[in-house]
Amino acid sequence: MLLICSLVMVGFVATTPFKARNLKVLPQDISDEKLDSLMETYNKGLGVTCDFCHAQEVKNGDTTLNFASDDNPVKEEGRRMMRLTIDINKNYFNYDTKIHPAYLTRINCNTCHKGNAYPEE
C-alpha cells in the first residue's frame, strides 16, 4: 500500500500543470515550442510584446498574462490577421498539403507591418 501511495504521489509531482489554451486558428495539437516560436515571430513582426494581444491580470499583487482569455479585443484582430496570412500563403504560394497552413511563412506579419503594430495604409 505504501508503494502504491508513493507512486501516485510521484505521478502528481512529476506532471506539469495544465496550461489553459484557447486556440481558434492554430492547430490544437501545436507543441509549446512551436507555439512560442510563432508568437515570437508575431512579436517581432509587429514590434510588440505579449501584452499587446493577451489580457493582463493581477494575482496576489503580481501582474500576469492570461493567454487563454479573450478579454483583450486586439487578440481577435490578431486572429483575423493570422487567418489572412494563412489564406494568402495557402492559396497563392506553393501550398504543401502535408504542412498545416498556419506554419507557412512566405507571407507573414513582417511583410506588411515591418515591426510596426499599426502600419501605414
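In what order do the elements of the protein chain run from the N terminus on? The answer is α-α-β-β-α-α, and the close-ups below, all taken from a predicted model, pick out spots along that run.

**Figure 1. The protein chain and its elements.** Four helices and two strands make up the element list here. The chain has 121 residues, and 25% of them count as buried. If you look at contacts with a separation of 6 or more, 38% of them are between residues 24 or more positions apart.

**Figure 2. The aromatic pair, Phe 52 with Tyr 118.** The count of aromatic pairs comes to one. Ring centres of Phe 52 and Tyr 118 sit 5.9 Å apart with the planes at 65 degrees, so this is an edge-to-face pair; the cut-off for that label is over 60 degrees. Phe 52 belongs to the loop between helix H2 (32-46) and strand E1 (55-59), while Tyr 118 belongs to the segment after helix H4 (109-113), so the pair ties together parts that are 66 residues apart in sequence. As for solvent, Phe 52 has 22% relative accessibility and counts as partly exposed, whereas Tyr 118, at 60%, counts as exposed.

**Figure 3. A lysine over a tyrosine ring.** Here Lys 34 lies over the face of Tyr 103. The distance to the ring centre is 4.7 Å.

**Figure 4. Leu 46 and its contacts.** Leu 46 is part of helix H2. Is Leu 46 buried or exposed? It's buried, because its relative accessible area is 13% and the cut-off is under 20%. Skipping residues up to four places away in sequence, Leu 46 touches His 113, Gly 115, Asn 116 and Ala 117. Add Cys 112 to the view and you get another pairing across the sequence: Leu 46 and Cys 112 are 66 residues apart along the chain, yet 9.2 Å apart in space, C-alpha to C-alpha.

**Figure 5. Thr 85 in helix H3.** Helix H3 covers residues 73-92, and Thr 85 lies in it. With a relative accessible area of 18%, Thr 85 is buried. Its contacts, once residues up to four places away in sequence are set aside, are with Ile 107 and Asn 108.

**Figure 6. His 100 in the loop between H3 and H4.** This view centres on a loop residue: His 100 is found between H3 and H4. The relative accessible area of His 100 is 31%, so the residue is partly exposed. Which residues is His 100 in contact with, leaving aside its neighbours within four places in sequence? Those are Val 25 and Pro 27. For a look back along the chain, the C-alpha atoms of His 100 and Ile 86 are separated by 9.3 Å, with their positions 14 residues apart in sequence.

**Figure 7. The largest pocket.** The volume comes out at about 1,100 Å³. There are 43 lining residues, and those nearest the centre are Met 39, Tyr 42, Cys 53, His 54 and Met 82. H2, strand E2 (62-66), H3 and H4 each supply at least two residues of this lining. H3 gives the largest share, ten residues. Sorted by class, the lining of the largest pocket holds 26 nonpolar, nine polar and eight charged residues.

**Figure 8. The second largest pocket.** This one holds about 240 Å³ of space. Its lining has 15 residues, with Thr 41, Tyr 42, Thr 105, Asn 108 and Cys 109 nearest the centre. Two or more residues come from each of H2, H3 and H4. Which element gives the largest share of the lining of the second largest pocket? That's H2, with five residues. The class breakdown is eight nonpolar, six polar and one charged. Tyr 42 is worth finding in both pocket views: it's among the residues nearest the centre of the largest pocket and of the second largest pocket.

**Figure 9. Positive phi at Asn 60 and Lys 114.** Neither residue is glycine, but phi is positive at Asn 60, near 50 degrees, and phi of Lys 114 is near 50 degrees too. Asn 60 is found in the loop between E1 and E2, and Lys 114 lies in the segment after H4. Asn 60 counts as exposed at 81% relative accessibility, and Lys 114 counts as exposed at 60%.

Notes:
Residues numbered from 1 in each chain as written. Predicted model: local features only at pLDDT ≥ 70, side-chain atom pairs only at ≥ 80, totals over all residues. Heavy atoms only, no water. Phe/Tyr/Trp six-rings, centres within 6.5 Å; stacked < 30°, edge-to-face > 60°. Buried < 20%, exposed > 50% of the residue type's maximum accessible area, 1.4 Å probe, protein only. Lys NZ or Arg CZ within 6 Å of the ring centre and 35° of its normal. Contact = heavy atoms within 4.5 Å. 1 Å grid on protein atoms, 1.4 Å probe; cavity = no way out; pocket = protein on both sides within 12 Å on 5 of 7 lines; lining within 4 Å. Points joined across faces, edges and corners; volume = space filled by probe spheres on them. Nonpolar A, V, L, I, M, F, W, Y, C, P; charged D, E, K, R; others polar.
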